[in-house]
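Here is a short tour for anyone who wants to get to know this structure before planning bench work. Take a moment with the sequence and the 3D view, then read on.

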Amino acid sequence: FKFEKPQIFEAEMGELGDITGMYMVDDEGEIVTTDVSANFINGKPAGIQAKYVMRDAYEWDRFMRFMERYAEDNELGFNKN
């Protein structure tokens, strides 16, 4: 996942603390990754990249259920091809 110019870099968001991971939360619980890094351009924060590795079919299916719910909740399209 790549987040360009995320709001967390804005001054008023600094009080939220350090970025320690990406947490995807839904009715089933949490999907978590701590593999998160920041990108900088000319010494200024420009983006965040988070990697979530699915190691088996269960993790893939769980992620897909999360994404289906996220798409529906945020009026996004999703196509299983």
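Glu75 counts as exposed, because its relative accessibility is 76% and the exposed class begins over 50%. Please keep in mind that this is a predicted model. Glu75 lies in the segment after helix 1, and its phi is near 50 degrees, a positive value in a residue other than glycine.

**Two more exposed residues**

Lys5 also has a positive phi, about 50 degrees, although Lys5 is not a glycine. Look for Lys5 in the loop between strand 1 and strand 2. Lys5 is exposed, with a relative accessible area of 74%. Asp27 sits in the loop between strand 2 and strand 3, and Asp27 is exposed too, at a relative accessible area of 77%. In sequence, Asp27 and Phe66 are 39 residues apart, yet their C-alpha atoms are 8.8 Å apart in space.

**How the strands pair**

The table gathers the strand pairs.

| Strand pair | Sense | Bridges |
|---|---|---|
| Strand 1 and strand 5 | antiparallel | three bridges |
| Strand 2 and strand 3 | antiparallel | five bridges |
| Strand 4 and strand 5 | antiparallel | six bridges |

In what order do the three strands of the open sheet run? The order is 1-5-4, with antiparallel pairing. Strand 1 and strand 4 are the edge strands, and each of them pairs on one side only. On average, neighbouring strands of this sheet are turned by 25 degrees against each other, direction ignored. As a reminder for reading such a sheet, side chains in a regular strand alternate between the two faces.

Some individual partners help to set the register. Strand 4 covers residues 36-41 and strand 5 covers residues 44-50. Val36 has Ala50 of strand 5 as its bridge partner, Asn39 stands opposite Gly47 in strand 5, and Phe40 has Pro45 of strand 5 as its bridge partner. On the strand 1 side, Glu4 stands opposite Gly47 in strand 5. Gly47 is thus named with Asn39 and with Glu4.

Strand 4 and strand 5 also form a hairpin, with two residues between them. In that turn, Asn42 has a positive phi of about 55 degrees.

Strand 2 and strand 3 make a hairpin as well, again with two residues between them. Strand 3 is made of residues 29-33, and its Gly29 stands opposite Asp26.

**The nonpolar core**

Which residues make up the largest nonpolar core? Eight residues do: Met22, Met24, Ile31, Ala50, Tyr52, Phe63, Met64 and Phe66. Strand 2 and helix 1 each supply at least two residues of this core. Helix 1 gives the most, with three residues. Two residues met earlier belong here: Ala50, the bridge partner of Val36, is a member of the core, and so is Phe66, the residue compared with Asp27 above.

**Two pockets**

Now for the open spaces. Rolling a probe the size of a water molecule over the atoms shows where empty space is left.

The largest pocket has a volume of about 260 Å³. The elements that give two or more residues to its lining are strand 1 (2-4), strand 2 (22-26) and helix 1 (57-73). Strand 2 provides the largest share of that lining, four residues. The full lining consists of Phe1, Lys2, Phe3, Met22, Tyr23, Met24, Val25, Phe66, Met67 and Tyr70. By class, nine of the lining residues are nonpolar, none is polar and one is charged. Met22, Met24 and Phe66 appear in this lining and also in the largest nonpolar core.

The second largest pocket has a volume of about 200 Å³. Of the 13 residues that line it, Pro6, Ile8, Ile19, Gly21 and Ile48 are the closest to its centre. The lining of the second largest pocket has nine nonpolar, three polar and one charged residues.

**Back to the picture**

If you turn the model on screen, the sheet in the order 1-5-4 is a handy place to start. From there, go to the hairpin of strand 2 and strand 3, and then to helix 1, which gives three residues to the largest nonpolar core.

Technical notes: Residues are numbered from 1 along each chain as its sequence is written. This is a predicted model: local features need pLDDT of at least 70, side-chain atom pairs count only at pLDDT 80 or more; totals for chains, interfaces and linings use all residues. Side-chain values use heavy atoms; hydrogens and water are left out. On a 1 Å grid over the protein atoms alone, a cavity is a set of points where a 1.4 Å probe fits but cannot get out, and a pocket is an open set with protein on both sides within 12 Å along at least five of seven lines; lining residues have an atom within 4 Å of a point. Grid points are joined across faces, edges and corners, and a volume is the space filled by probe spheres set on the points. Ala, Val, Leu, Ile, Met, Phe, Trp, Tyr, Cys and Pro count as nonpolar, Asp, Glu, Lys and Arg as charged, and the others, Gly among them, as polar. A nonpolar core is a set of buried Ala, Val, Leu, Ile, Met, Phe, Trp, Tyr and Cys residues joined through side-chain atoms within 4.5 Å. Buried means under 20% relative accessible area, exposed over 50%, partly exposed in between (1.4 Å probe, protein chains only). Two strands pair if DSSP finds at least two bridges between them. Axes are lines fitted to C-alpha atoms, for helices over the stretch in contact, and angles run from 0 to 180 degrees between N-to-C directions.
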